[in-house]
Amino acid sequence: MESKSGRIRRVKYSGTALAISTSLCATLALAEDFKTVRGKLYKDATIIRVESDGIVLKTKTGISKVYFIELPNDVQERFHPSRAKATAAQRQREPIKLKGWTAVMANPTAVVMFLVAGTIIIAGVVFAIVRRRFQ
């Protein structure tokens, strides 16, 4: 870059380097080891998110979900899997039960039956009107 006086200025990258090194250190500080009840070890794992039934971990080998029942009690207590969140997650997995017109329209056989019945009713009304006119 040139300034107004014609001299070339150097761009200082120290701020950028400091930010990158700080974020790397923070990532390493948050990484920890997790050991399941059965003895499987997740080394230098970073917690991506906590779900209602377990935690999602990121390690060098990839991303894994570890269920709370697989973790020791102290780790389970640390993440507090609440009963309300567990039931909400279970409701999400259940199929949605449709009611009323939505249930009828979701079933192709019911849609055909609905259209046939509607056509028969309309044809009957038209037939009654035409018959009455010609009597």
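This tour moves through a predicted model, going from one threonine in a loop to a set of charged side chains.

**T36 and its surroundings**

Begin by selecting T36, which you will find in the loop that runs between strand β1 (32-35) and strand β2 (41-50). Colour T36 by accessibility and ask whether this residue is buried or exposed. T36 is buried, because its relative accessible area is 10%, which is under the 20% cut-off used for that word. Next, display what surrounds T36: once its neighbours within four places in sequence are left aside, the residues in contact with T36 are Y42, V66 and E70.

**R49 and E51**

Side chains of opposite charge can pair when their charged atoms come close. The structure holds four salt bridges, and a good one to select first is the pair R49 and E51, where the closest N and O atoms are 2.7 Å apart. Both partners can be checked for accessibility: R49 is partly exposed, with a relative accessible area of 44%, while E51 also counts as partly exposed, at 24% relative accessibility.

**From E51 to K65**

Keep E51 on screen and add K65, which forms a salt bridge with E51 in which the closest N and O atoms are 2.4 Å apart. Because K65 lies in strand β4 (residues 62-67) and E51 in the loop between β2 and β3 (54-59), this pair ties together parts that are 14 residues apart in sequence. K65 itself counts as partly exposed, at 30% relative accessibility.

**From K65 to D53**

Now add D53 to the selection, and which residue does the side chain of D53 meet in a salt bridge? The partner is K65, with a distance of 2.8 Å from N to O. Here again K65 lies in strand β4, whereas D53 lies in the loop between β2 and β3, so the pair ties together parts that are twelve residues apart in sequence. D53 is partly exposed, and its relative accessible area is 24%.

**The view to finish on**

Finally, show R49, E51, D53 and K65 together as sticks, since these residues are linked in a network of salt bridges. In that view, E51 can be followed to R49 and to K65, and K65 can be followed onward to D53.

Definitions and conventions:
Residues are numbered from 1 along each chain as its sequence is written. This is a predicted model: local features need pLDDT of at least 70, side-chain atom pairs count only at pLDDT 80 or more; totals for chains, interfaces and linings use all residues. Side-chain values use heavy atoms; hydrogens and water are left out. Helices (H or I, at least four residues) and strands (E, at least two) are DSSP runs, numbered from the N terminus. Buried means under 20% relative accessible area, exposed over 50%, partly exposed in between (1.4 Å probe, protein chains only). Contact means heavy atoms within 4.5 Å.
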